[in-house]
Amino acid sequence: QVQLVESGGGLVQAGGSLRLSCAASGFTFGRYGMAWFRQAPGKERDIVAATSWSDYITYYTDSVKGRFTISTDNAKNTVYLQMNSLKPEDTAVYYCAAQKARGNTYDYWGQGTQVTVTS
């Protein structure tokens, strides 16, 4: 049974930091690209950061470049999102996702974790 379980969300003041974790099970973690998405109220779910398993290329949406870092620990089957210099506009539900083949489709999703940044 495939599971992606996010943790680490919470309430933080602007300028603060959080580290999200996503523990994966039920599939070969090291053979999947991993990503973090977020969805703010009334908005679509958008990709925040991603990393590929084959060449470890990382992607960041422009609004988080220089502030967020995606990383993986294959020994722990976990993907992280380190978020620094948080802004109120980063407030959203954050989801991790896994994809077998590079592209726009993600095969597995977590349940999400709420991040709220206050000004």
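Biologist: Which residues line the largest cavity?
Modeller: This is a predicted model. Its largest cavity has a volume of about 70 Å³. The lining divides into five nonpolar, five polar and no charged residues. The names are F29, G30, Y32, M34, T51, S52, W53, Y56, T72 and N74.

Biologist: How many cavities of 30 Å³ or more does the count come to?
Modeller: Rolling a probe the size of a water molecule over the atoms shows where empty space is left. The largest cavity found has a volume of about 70 Å³. For cavities of 30 Å³ or more, the count comes to one.

Biologist: Y56 lines that cavity. Which strands form the hairpin that has Y56 in its turn?
Modeller: The turn holds six residues, and Y56 has a positive phi of about 55 degrees there. The two flanking strands pair in the antiparallel sense over three bridges. They are strand 5 and strand 6.

Biologist: Which residue of strand 6 stands opposite A50?
Modeller: Strand 6 covers residues 58-60 and pairs with strand 5. Both A50 and its partner are among the residues nearest the centre of the largest pocket. The partner is Y59.

Biologist: What is the volume of the largest pocket?
Modeller: The pocket is lined by 15 residues. Those residues divide into six nonpolar, seven polar and two charged. Nearest the centre lie A50, Y59, Q99, R102 and Y106. The volume is about 220 Å³.

Biologist: Which strand gives the largest share of the lining of this pocket?
Modeller: The elements that give two or more residues are strand 4, strand 5 and strand 6. The largest share is three residues. It comes from strand 5.

Biologist: Which residue of strand 5 stands opposite W36?
Modeller: Strand 4 spans residues 33-39, and strand 5 spans residues 46-51. They pair in the antiparallel sense over five bridges. Opposite W36 is A49.

Biologist: Which residue in the turn between strand 4 and strand 5 has a positive phi?
Modeller: The two strands form a hairpin with six residues between them. The phi in question is about 75 degrees. The residue is G42.

Biologist: What is the order of the strands in the open sheet?
Modeller: Four strands form this sheet, with antiparallel pairing. The edge strands, strand 1 (3-7) and strand 7 (68-73), each pair on one side only. Neighbouring strands are turned by 15 degrees against each other on average, direction ignored. The order is 1-3-8-7.

Biologist: Which residue is the bridge partner of E6 in strand 3?
Modeller: Strand 1 and strand 3 run antiparallel. Five bridges join them. The partner of E6 is C22.

Biologist: Which residue of strand 8 stands opposite S21?
Modeller: Strand 3 pairs with strand 8 in the antiparallel sense. Six bridges make up that pairing. Opposite S21 is Y80.

Biologist: And which residue of strand 8 stands opposite I70?
Modeller: Strand 7 pairs with strand 8, residues 78-83. That antiparallel pairing has six bridges. Opposite I70 is L81.

Biologist: Which two residues form a disulfide?
Modeller: A search of the whole structure finds one disulfide. Such a link is a covalent bond between the sulfur atoms of two cysteines. Here the sulfur atoms are 1.9 Å apart, within the 2.5 Å cut-off. The pair is C22 and C96.

Biologist: How many residues apart in sequence are the parts that the disulfide ties together?
Modeller: C22 lies in strand 3 (residues 18-25). C96 lies in strand 9 (residues 92-99), so the link ties together parts that are distant by 74 residues in sequence.

Biologist: Is C22 buried or exposed?
Modeller: Buried means under 20% relative accessible area. C22 has 0% relative accessibility. Its disulfide partner C96 also has 0% and is buried. C22 therefore counts as buried.

Biologist: What distance separates the C-alpha atoms of Y94 and F37?
Modeller: Y94 has its place in strand 9. Y94 is buried, with a relative accessible area of 0%. Along the chain, Y94 and F37 are 57 residues apart. Their C-alpha atoms are separated by 5.7 Å.

Methods:
Residues are numbered from 1 along each chain as its sequence is written. This is a predicted model: local features need pLDDT of at least 70, side-chain atom pairs count only at pLDDT 80 or more; totals for chains, interfaces and linings use all residues. Side-chain values use heavy atoms; hydrogens and water are left out. Two strands pair if DSSP finds at least two bridges between them. Axes are lines fitted to C-alpha atoms, for helices over the stretch in contact, and angles run from 0 to 180 degrees between N-to-C directions. Buried means under 20% relative accessible area, exposed over 50%, partly exposed in between (1.4 Å probe, protein chains only). On a 1 Å grid over the protein atoms alone, a cavity is a set of points where a 1.4 Å probe fits but cannot get out, and a pocket is an open set with protein on both sides within 12 Å along at least five of seven lines; lining residues have an atom within 4 Å of a point. Grid points are joined across faces, edges and corners, and a volume is the space filled by probe spheres set on the points. Ala, Val, Leu, Ile, Met, Phe, Trp, Tyr, Cys and Pro count as nonpolar, Asp, Glu, Lys and Arg as charged, and the others, Gly among them, as polar.
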